[in-house]
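This account leads the reader through the interior of a single protein model, moving from its enclosed spaces to its packing and then to individual residues.

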Amino acid sequence: MESRLRLAALFLLSVALIAFELSIMRVFAVGSWSNFGNLIISTALLGFGLAGAVLTFLSGPVERHPDAWLFGTSLGFTASMALAQVLSQRIPFEPTFLGADPGQIWFLALYYLVYGLPFVCGATFIGICFVVLRTRIHQLYFWNMAGSGVGGFFIVLCMYLLPPAQLVLPVMLLAFVATLLVMLKPGLDGRLKVPFDRFALAVGTTVVALALVLGAGQIRISEYKSSSYVRKYPELQLRHHSFSPAGEYH
């Protein structure tokens with residue numbers, strides 16, 4: 001039972017990781033230019049590499065306390081996604097000045113730092129699953145790859161329902177469910193139970209993270225995009241607003 005719960009959590013977190021990666025690309029497309037969204041691919045790969053290094057040095061503690069590590073990394077994934085959404089919009093990166101202002105490179109590096117943390121947490125969670133469930137390696141690969149595939153379809157469906165700034169919200173809820181699954185433990189009577197302290201921490205963290213994104217996660221649109229010029233006209237009136245995988249329309 002416990003192994004099945006961990007595999008289910010692995011599946012959900014794999015869905016969330018890919019969905020988060022694609023949601024960031026949409027944020028870049030709206031706030032800046034879509035070609036800079038591609039840096040998230042290298043950011044994700046960097047996060048997976050760092051997660052592998054972490055597990056190499058901490059394999060002993062991970063194997064002794066896998067549940068604590070699974071809980072911590074999944075909860076950290078939720079919290080860091082909210083922080084990334086908010087902090088990334090405070091980075092004054094302007095691609096227009098890349099050729100004239102060397103300081104823009106440092107702002108670009110900040111994106112790797114801010115967005116890299118969620119991928120480190122998510123990749124560490126997946127790595128821990130591979131460590132503690134290595135006798136089920138065929139099932140691990142299946143649910144990991146299946147989750148990654150479903151994640152692409154999941155976020156595309158969300159693009160019909162939510163504006164770009166809020167695409168991370170359902171991803172955070174998926175991560176919360178994954179956290180809940182790794183908390184479940186069969187009791188002496190065979191029923192699944194959840195430690196109250198961990199449950200309260202997970203709920204509190206998720207609620208704060210959701211509120212943070214809703215309150216301060218609006219996308220900062222570059223003032224050098226044509227849409228920013230149009231918004232300055234005093235006679236401007238919003239007649240239409242819709243969103244889909246094809247883009248956001250005003």
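Helix α1 provides four residues, the largest share, to the lining of the second largest cavity. The model is a predicted one, and the volumes and contacts discussed here should be read accordingly. The lining of this cavity consists of F20, S23, I24, V27, Q85, P164, A165, L167 and V168. By class, seven of these residues are nonpolar and two are polar, while charged residues are absent. The volume enclosed is about 30 Å³.

A search of the whole structure yields two cavities of 30 Å³ or more. The largest cavity has a volume of about 110 Å³. Its lining is formed by V27, F28, G31, S32, S88, Q89, F93, Y111, Y115, R220 and S222. Two elements, α1 and α5, each give two or more residues to the lining of the largest cavity, and α1 contributes the most, with three residues. The composition of this lining is five nonpolar, five polar and one charged residue. V27 appears in the linings of both cavities.

The packing of the nonpolar side chains may be considered next. In soluble globular proteins, nonpolar side chains tend to be buried together. In the present model, the largest nonpolar core comprises 60 residues, and those with the most contacts inside it are F20, F28, F77, M81, Y111 and Y115. Helices α1, α2, α4, α5 (104-132), α6, α7 (168-183) and α8 (196-216) each give two or more residues to this core. The largest share, 15 residues, comes from α1. F28, Y111 and Y115 also belong to the lining of the largest cavity, and F20 to that of the second largest cavity.

Which residues does F28 contact, once its neighbours within four places in sequence are left aside? They are W33, S34, F36, G37, L39, I40, Y111 and Y115. A second, separate core of five residues includes F71, F176, M183 and A202.

Attention now turns from cavities to a pocket. The second largest pocket has a volume of about 170 Å³. Helices α1 (2-31), α2 (39-57) and α6 (137-161) each supply at least two residues of its lining. The lining residues are S14, L17, I18, E21, I41, A44, L45, F48, I126, N144, M145 and S148. By class, they divide into eight nonpolar, three polar and one charged.

Two individual residues complete the description. R6 lies in helix α1. This arginine counts as buried because its relative accessibility is 11%, under the 20% limit that applies to buried residues. Beyond its neighbours within four places in sequence, R6 is in contact with P66, D67, L70, C129, V132, L133 and K185.

T73 is placed in helix α4 (residues 66-88). With a relative accessible area of 10%, T73 is buried as well. The side chain of T73 reaches the backbone oxygen of L70 at 3.3 Å; L70 is also one of the residues in contact with R6. When neighbours within four places in sequence are set aside, the contacts of T73 are C121, T124, F125 and I128.

Terms used. Residues numbered from 1 in each chain as written. Predicted model: local features only at pLDDT ≥ 70, side-chain atom pairs only at ≥ 80, totals over all residues. Heavy atoms only, no water. Buried < 20%, exposed > 50% of the residue type's maximum accessible area, 1.4 Å probe, protein only. Polar contact = N/O pair within 3.5 Å; in protein donor to acceptor, adjacent residues only side chain to side chain. Contact = heavy atoms within 4.5 Å. 1 Å grid on protein atoms, 1.4 Å probe; cavity = no way out; pocket = protein on both sides within 12 Å on 5 of 7 lines; lining within 4 Å. Points joined across faces, edges and corners; volume = space filled by probe spheres on them. Nonpolar A, V, L, I, M, F, W, Y, C, P; charged D, E, K, R; others polar. Core = buried A, V, L, I, M, F, W, Y, C linked by side-chain atoms within 4.5 Å.
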